[in-house]
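Colleague: Could you walk me through the terms you use for this model? I would like to see how each label is earned.

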Amino acid sequence: MNLAWREIRRQKLRFVGTAIGLGLLFAVVLAMGGIYKGMVEDATLLIDSLGADYWIVQRGTHGPFAERSVIPASIERRARSIPGVSWARSFSTLTVERKVEGKDIRLSLVGLAWPDDPGDWLRLRDGRPIAAGHDEAIVDATAGLGLGDRIPLGDTRYRVVGIAEGMVSSGGDALAFVTHSDLLRISSYVPPEARRLARAAAGDPRGVERGEAEGTQVSAVLVRLAEGADRGRVEAILSSWGDVSAYPASTQRSFVLLGVVDKARRQIGLFRIILVIVSSIVVSQVVYNMTAAKTREIALLELMGARTRVVVGMILQQSLLLTALAYGAALGTGALVFPAFPRRVVVGTEELISAGLVLVAIGVVSSLAAIHRALRTSPTTILAG
Amino acid sequence: MEPIRAVGLRKTYGSGNTEVTALRGVSLSVREGEVVALLGPSGSGKSTLLTALGLLNLPDEGDISIAGEPVIRGGRATRDLAAVRRRRLGFVFQKSNLIPFLTAIENVRLGLEINDLRGAGARRRAAELLEYLGIDDRMGNYPEQLSGGQQQRVAIARALAVDPPVLLADEPTAALDGSRSRSVIQLFRRIANERGTAVVVVTHDHRLLDAFDTLYEMEDGALREVPHRPPARDEIPW
């Protein structure tokens with residue numbers, strides 16, 4: 001006969017209500033971890049997806065994800081000429097805010113090296129990769145756009161031809177993919193009136209303003225090595241170039257994590273620790289109060305000569321059952337609520353297991369005070385009327 | 001071999017000006033099937049004697065044997081007292097002290113499971129005890145669904161679960177009306193007669209004394225036997 005279960009059976013609603021309350025608290029703990037994981041995944045998504053071995057960026061900078069990086073587009077041709085290089089592609093990003101179909105949306109534009117790269121590596125929920133050299137875009141679903149929608153960028157309204165999934169920037173903005181030449185056109189676009197005024201101000205009404213010449217600048221050049229390439233030799237060549245810096249993809253990834261995500265990670269980590277402490281205190285209080293409410297029953301068990309393990313087992317089982325139920329409630333809450341969060345909340349199997357283990361530890365530690373109290377209960381308490 | 005035998009029990013609480021002697025060399029033997037009443041005013045030492053006999057409160061001096069086995073010698077435990085309580089002693093109190101989240105039969109099974117008697121055998125034994133005490137029709141009820149008298153019967157069934165040689169009862173009728181009080185004492189009488197259990201009952205109710213074999217009165221920590229004509233062995237009064 002399981003005393004812990006018998007008592008819970010008699011107070012089902014109260015117990016389940018308490019577990020749901022705790023579950024909501026645990027859901028916040030899970031969310032904190034998931035938000036951090038989501039931030040890391042979002043921040044490194046492009047680096048991992050693009051599949052480059054090296055990132056060539058502006059000399060002395062950590063690359064386009066950490067700071068402004070501008071290098072000549074001609075670096076792409078130079079990199080392609082290195083023996084052992086499979087491909088080299090220009091990379092640029094640009095964040096824009098536009099009103100589309102009555103909605104204000106914020107997009108992080110990424111240039112694809114079309115026609116080599118039509119974006120067929122993207123996970124598309126709907127539509128197709130880019131098929132034309134101009135005026136087409138693939139947009140992440142979080143932007144809320146549909147196929148055929150038009151996005152005003154520069155002097156063109158780009159047609160959405162594909163809806164991607166899980167492609168957001170480190171800032172949580174939806175990524176939009178256009179051809180790299182389109183991206184350069186968008187970034188160097190100057191409205192006609194502004195162009196006319198600039199020419200007039202320069203006293204050269206037929207001249208070419210500087211903006212047009214800036215189309216030869218990109219943020220970075222990505223390099224992929226061919227199979228069996230001499231990595232050391234390629235690295236030696238890249239590092240000999242005095243006008244740019246070249247980093248392995250792993251270094252570029254750690255720049256992002258240390259620069260963009262690190263403070264948020266520490267902040268979330270501390271907040272999570274506080275939440276775990278609060279959860280432990282709440283569980284302890286609940287378990288302690290549950291134990292205090294049955295002082296007479298515990299005294300009776302002691303008086304009847306029950307072994308210590310009977311009393312300890314009852315308290316420990318209730319504590320563990322409470323945390324297990326709360327964990328289930330947290331998972332249920334997470335499944336319902338996390339997808340509605342504006343930023344990705346990534347809770348993987350590893351997090352679920354570690355959170356489960358932490359909760360078991362909370363359940364055990366929380367019951368210690370209650371067990372201490374129970375074991376100090378004198379059997380003569382029962383005689384006190 | 002007496003089910004319970006106490007010799008020279010002494011117990012003092014406090015010290016100096018606040019010192020109170022609760023037991024002054026109390027000796028007591030209860031035979032198999034004997035029903036004993038402990039009488040006396042409040043503060044006379046009845047409860048101290050009962051808790052000492054119940055191995056809940058060690059005397060400063062004296063010896064106690066349960067079922068012929070010495071368990072306290074010179075005020076010190078010579079056995080695992082919890083184990084002795086578990087196997088050899090049954091307790092009944094003023095309040096039934098049933099566990100509220102267990103049904104009547106589960107409360108009785110608890111007494112068995114604490115002694116590692118589980119499963120169908122335990123269920124059958126618990127049901128037999130409830131039938132013996134006349135409340136088998138309420139075995140699935142929770143304590144709050146039982147009357148005071150029914151609760152007390154379940155508590156007695158629980159105390160008898162492992163057929164202990166000694167049953168200790170602390171004012172078991174104090175919360176019951178006259179007819180229910182008589183019914184409980186009749187039960188003790190019957191249990192003693194049929195099972196040979198030694199029953200020690202602390203009581204204030206002088207209307208029930210006809211049912212006891214022996215009366216003892218506690219006064220200022222000392223125990224004396226009160227002259228009394230016991231009922232015939234197979235007689236259950238009222």
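**Labels and their cut-offs**

Modeller: Happily, starting with A:Y247, which is buried at a relative accessible area of 16%. This is a predicted model, in which local features need pLDDT of at least 70 and side-chain atom pairs 80 or more, while totals for chains, interfaces and linings use all residues. Residues are numbered from 1 along each chain as its sequence is written, chains are lettered from A and ligands numbered from 1 in the order in which they are written, and side-chain values use heavy atoms, without hydrogens and water.

Colleague: Why is A:Y247 called buried?

Modeller: Buried means under 20% relative accessible area, exposed over 50%, and partly exposed in between (1.4 Å probe, protein chains only). A:Y247 has 16%, so the label is buried. A:F255, also with 16%, is buried too.

Colleague: What makes A:Y247 and A:F255 an edge-to-face aromatic pair?

Modeller: Rings of Phe, Tyr and Trp (its six-membered ring) pair if their centres lie within 6.5 Å; planes under 30 degrees apart count as stacked, over 60 as edge-to-face and the rest as tilted. Here the centres are 4.8 Å apart and the planes meet at 85°, so both conditions hold.

Colleague: Why does A:W121 count as partly exposed?

Modeller: Its relative accessibility is 29%, so A:W121 falls between the two limits. A:F177, at 0%, counts as buried.

Colleague: How do you know that B:D116 and A:R307 form a salt bridge?

Modeller: The rule asks for a side-chain nitrogen of Lys or Arg within 4 Å of a carboxyl oxygen of Asp or Glu. Their N to O distance is 3.1 Å, so the pair qualifies. Four salt bridges are found across the interface of chain A and chain B.
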